Amino acid sequence: MANPNLTDMTEEDAADLQFPKDFSSNRKESHGHNLELVEVSLVKDEILTSDPTCYACKSNLKEPYVRCAVCTNVELCPSCFSKGCEIGDHKNDHDYVITKNEFELINGSGWTAKQELELLSVIQECGFGNWIDVSKRIEGKTMEECKAHYLEHFIDNQSLPGLPKIKETKASLFASEPIPYLFKLHDLEEPPRFASDSLNCRMLAGYNPARSDFEVNFDNHAEHIVSQLNYNEFDTDDEKINKLGQSLQVAIVQAYNNRLRERKRRWKIIRNHGLISIRRTISWLQRYEFTITRAIAERLLIFMQLTGGMDFDYFMEGLHRSGELKNHIHNLIDLRSNGIKYFYSVPTYKKLLKLRQENERERKHYLNNPEYSWKKILPENGIMNFNFPIAHNTSQRRSAPPLVINGLPGYEKLTSEERSLCSVTRIVPMSYLDYKHILITENKKYGSLRLAQARVLLKIDVNKTRKIYDFLADEGYINKPI
């Protein structure tokens, strides 16, 4: 007799399949020998190699299902088995086997045969390597577990019989045969293609990277001068008119060619120097804001027509480095003038200088506020009067702190008075020098200069213009009208 524990497990499986048949005692006695066989056969679990179909309803079978132990190739789904279907020689009292796959197919793997079949079918649907989707469709298994199990037992260590052996080739190891110095066009990023009316297209000056051309070229209507040319227009009997007409047509074509050459020249400058993107050009000029200054950098752009891109960059970087050295020298001079002789004292000096500037700013704020200024309560005769009205809600504009111009371009060209003026009025030294040159030049033309003329010429804040005008007049650079 078979193990009773295994028989109990078989009866539980049959109960799960809702087996309704009620066998008579004589039938059980007549098949006593067969019952012993079925008890032994029930302990045998089978591995499916293909999807079987039900012998009665022809539907695809899913585990667990029933296989007849007496008939050959008779397999029934749980529904037909529970109804006691009898077809041909098969009777509903035959011995049967519960076919299931809840057992380990590979010893020590922790994967049942059902999970192994599910893993193979899911990999076939999702594709090898898509372990995230594979793990989502296999319950209780993570992405790492699915990948490690498949690679270990189906690729690296093929312990199951019948698996095809994979030969290691260059194609299998590298996905494709390696070819040196080869690139594919579809691996490269697509060039940007912006709509013609979009902001990005305008920022690129209408440049189309896919065609390496502009939507609107320089001198875009140059073709109009040759659009109306007719080769036989001067084909007459008069030889002088023919020669004159042909010379005129040749001159028009030459003019058109000159315009094309100019267009090509400008196109090469833009391309070789990377001037298509306006934002990149502006950010490039901002690099030299405190060394070469933006105004001088814009004036130097004209030399781009005479040099290549790398040569011009070397030229600008040289000036930039020179400006950095000048700023560093001015900082050292300023530190030495304030008694700093050692580098380890510089951080302390800068920290104290920052505190001093903050205190000075706060002191000016309190002095400008009548609510906190003690000078406002003193009359002219020196007697204190506490009955003055205090405006608590008066709104006064805070004065801006002085601008730190030390090290800025043009700082070394200023006198001590001019440095003080630029710091108080918050004007960059190079801008002040430009304003000074404009006003002095205008004063030389007319012999004198009025404040209204200075405001029209400078086009800056009127208060700053007045301070510059008064300073230049006091220093004798310009003459006020009599």
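Phe312 and Phe315 sit three residues apart in helix 14 (residues 309-337), so about one helical turn separates them. This comes from a predicted model, and the two residues make a handy way into it. Their ring centres are 6.2 Å apart and their planes meet at 45°, so the pair counts as tilted. The two partners differ in how much of them shows: Phe312 is buried, because its relative accessibility is 2%, while Phe315, with a relative accessible area of 38%, is partly exposed.

A second pair is made by Tyr342 and Tyr344, and this one is stacked. Here the centres lie 5.4 Å apart, with 15° between the planes. Both Tyr342 and Tyr344 are exposed. In total, the count of aromatic pairs comes to six. Elsewhere, Phe128, Trp131, Tyr150 and Phe154 come together as one aromatic cluster.

Some rings have a charged side chain for company. Arg419 lies over the face of Tyr411, 4.2 Å from the ring centre. Likewise, Lys436 lies over the face of Tyr477, again at 4.2 Å from the centre of the ring.

Next comes the sheet. It is open and built from three strands in the order 2-1-3, with antiparallel pairing. Strand 2 (75-76) and strand 3 (96-99) are the edge strands, each pairing on one side only. Strand 1 (residues 65-68) is joined to strand 3 by four bridges, and these two strands run antiparallel. Along this pairing, Val66 stands opposite Ile98 in strand 3.

Then there is the question of empty space inside the protein. Rolling a probe the size of a water molecule over the atoms shows where such space is left. For this model, the count comes to one cavity of 30 Å³ or more. The largest cavity holds about 90 Å³ of space. It is lined by 15 residues, and those closest to its centre are Leu76, Phe81, His90, Lys91 and Asn92. Sorted by class, the lining has seven nonpolar residues, along with four polar and four charged ones. Strand 1 turns up again here: with three residues, it gives the largest share of the lining. Leu76, one of the residues closest to the cavity centre, falls in the stretch 75-76 that makes up edge strand 2.

Key: Residues numbered from 1 in each chain as written. Predicted model: local features only at pLDDT ≥ 70, side-chain atom pairs only at ≥ 80, totals over all residues. Heavy atoms only, no water. Phe/Tyr/Trp six-rings, centres within 6.5 Å; stacked < 30°, edge-to-face > 60°. Buried < 20%, exposed > 50% of the residue type's maximum accessible area, 1.4 Å probe, protein only. Lys NZ or Arg CZ within 6 Å of the ring centre and 35° of its normal. 1 Å grid on protein atoms, 1.4 Å probe; cavity = no way out; pocket = protein on both sides within 12 Å on 5 of 7 lines; lining within 4 Å. Points joined across faces, edges and corners; volume = space filled by probe spheres on them. Nonpolar A, V, L, I, M, F, W, Y, C, P; charged D, E, K, R; others polar. Pairing = 2+ DSSP bridges.
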